[in-house]
Amino acid sequence: MNHPGPKNAATACRVLHRRLRAGVLLVAAVAQLPAQTAPAPRAPASADTIMLSPFTITSDKDVGYEASESLAGTGLKSKLTDLGAAVSVITSKFLEDTASFNLRDVLVYQTNMEVSGFGGNFSGATPALGAVTAEPDLGNGPAGTRVRGLAAATQATNFYRAVIPMDAYNTDRVEVNRGANALLFGVGSPAGIINTSTASANLSKTSGRLDLSLGSHGSARAALNANVVIKPGELAVRVAAV
C-alpha cells in the first residue's frame, strides 16, 4: 500500500483548510443577509358609506328639455352624447310645458313613436277581431304603443318591467330606448322600451309646488310636489300627490 508523502499530506491539508475557510465565510455571508420583512398588513377598509355613483342619475343637471346623462343606454351612468343607441330623455320641464300627464299625451311628440288613444297617432285596433278603429277607455291605463312601426314597447318603472301607468305628478323623467338595445333591461320587446323614473328625494334643497289644471270640458286637476330636507346630505322626505 502506498502512503502519501509529507509533501502530498501538506498539500491536502492546505486544500481542506481553504474549503473549510470558504464554507465559514459563506455561512457568515448568509448570516449577514437582511431578513426578508413580511408585507405590512393592509389598513382596514374605511367605514364610510360607499356611493354607487355609476348607478345614480339625478335631474339636477337637466337644463330645460335637455338631459345630459342616462342609465338607459348601457345600464351605467353615461353621457347621452357618448351613447351609440337611439335614446330620448323627456324631462319634467317638457311634461310641464306640453301639459302632458301620461304617455298618451307625451309620446305624440317623440320621433319614431306611435301611441293609441284620443289624440294619439294610430288606432291600436286588433285586426284579428275585425276591428277598424279602437277607442280606448278614458282611464289612465297602460298606453298602447308602437316603435319604428314594428311592435309595442315594453314599459318599465325605475328600470323594472311594470304595468303601472305613468303619471306626471310623480315623474322625474321618461326615457325612450328605441331598438334592440332595450334587451339590456332583461326580457323586453326588441322594438324598444319606455322607462319612467319616479321623483326621488333631494338631499340638498327644500322646495315645493302646487299645480292646478282646468280642462275645456269642466275637468280639473291639482298636483302637489314637496321636498323637505331634514338633515342635509343624509335625510329628506319627498311627497307627491294628485
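Lys-231 is partly exposed, at 45% relative accessibility. Its side chain meets that of Glu-234 in a salt bridge, with 3.3 Å from N to O. Glu-234 has a relative accessible area of 56% and is therefore exposed, the limit for that class being over 50%. The model described here is a predicted one.

**Salt bridges**

The pair Glu-234 and Lys-231 belongs to a structure that holds seven salt bridges. Side chains of opposite charge can pair when their charged atoms come close. Three of these bridges are set out below.

| Acidic residue | Basic residue | Closest N and O atoms |
|---|---|---|
| Asp-97 | Lys-93 | 3.7 Å |
| Glu-96 | Arg-209 | 3.4 Å |
| Glu-234 | Lys-231 | 3.3 Å |

Asp-97 and Lys-93 sit four residues apart, about one turn of the helix, and both belong to helix H2, which covers residues 92–97. Asp-97 is partly exposed at 41% relative accessibility, and Lys-93 is also partly exposed, with a relative accessible area of 34%.

The salt bridge of Arg-209 with Glu-96 has its closest N and O atoms 3.4 Å apart. Arg-209 is in strand S10 (residues 207–214) and Glu-96 is in helix H2, so this pair ties together parts that are 113 residues apart in sequence. Both ends are partly exposed: Arg-209 has a relative accessible area of 39%, and Glu-96 has a relative accessibility of 41%.

What joins Glu-96, Arg-209 and Asp-211 into one network? Salt bridges that share partners do so.

**The open sheet**

Strands of a sheet pair through backbone hydrogen bonds, either parallel or antiparallel. In this model an open sheet is formed by five strands in the order S3-S8-S9-S6-S7, with mixed pairing. Strand S3 (86–91) and strand S7 (160–161) are the edge strands, and each of them pairs on one side only.

Strand S9 (residues 192–198) runs parallel to strand S6 (residues 154–157), and four bridges join the two. Within this pairing, Thr-157 has Thr-196 of S9 as its bridge partner. S8 and S9 run antiparallel and are joined by seven bridges. Val-176 has Ile-194 of S9 as its bridge partner.

Is S9 mostly covered or mostly exposed? S9 is mostly covered, as six of its seven residues are buried.

**The nonpolar core**

Ile-194 also appears in the largest nonpolar core, which has 16 residues. Together with Ile-90, Leu-103, Val-106 and Leu-107, Ile-194 is among the residues that touch the most other members of this core. At least two core residues come from each of H2, helix H3 (103–106), strand S4 (113–115) and strand S8 (171–178). Helix H2 thus supplies residues to the core and also holds both partners of the Asp-97 and Lys-93 salt bridge.

**Val-242**

Val-242 lies in the segment that follows strand S12 (235–241). With a relative accessible area of 54%, Val-242 is exposed, because exposed residues are those over 50%. Which residues does Val-242 contact, leaving aside its neighbours within four places in sequence? The contacts of Val-242 are Tyr-169, Arg-221, Ala-222 and Ala-223. Val-242 and Asn-170 are 72 residues apart along the chain, and their C-alpha atoms are separated by 8.7 Å.

Definitions and conventions:
Residues numbered from 1 in each chain as written. Predicted model: local features only at pLDDT ≥ 70, side-chain atom pairs only at ≥ 80, totals over all residues. Heavy atoms only, no water. Salt bridge = Lys/Arg side-chain N within 4 Å of Asp/Glu carboxyl O. Buried < 20%, exposed > 50% of the residue type's maximum accessible area, 1.4 Å probe, protein only. Core = buried A, V, L, I, M, F, W, Y, C linked by side-chain atoms within 4.5 Å. Contact = heavy atoms within 4.5 Å. Pairing = 2+ DSSP bridges.
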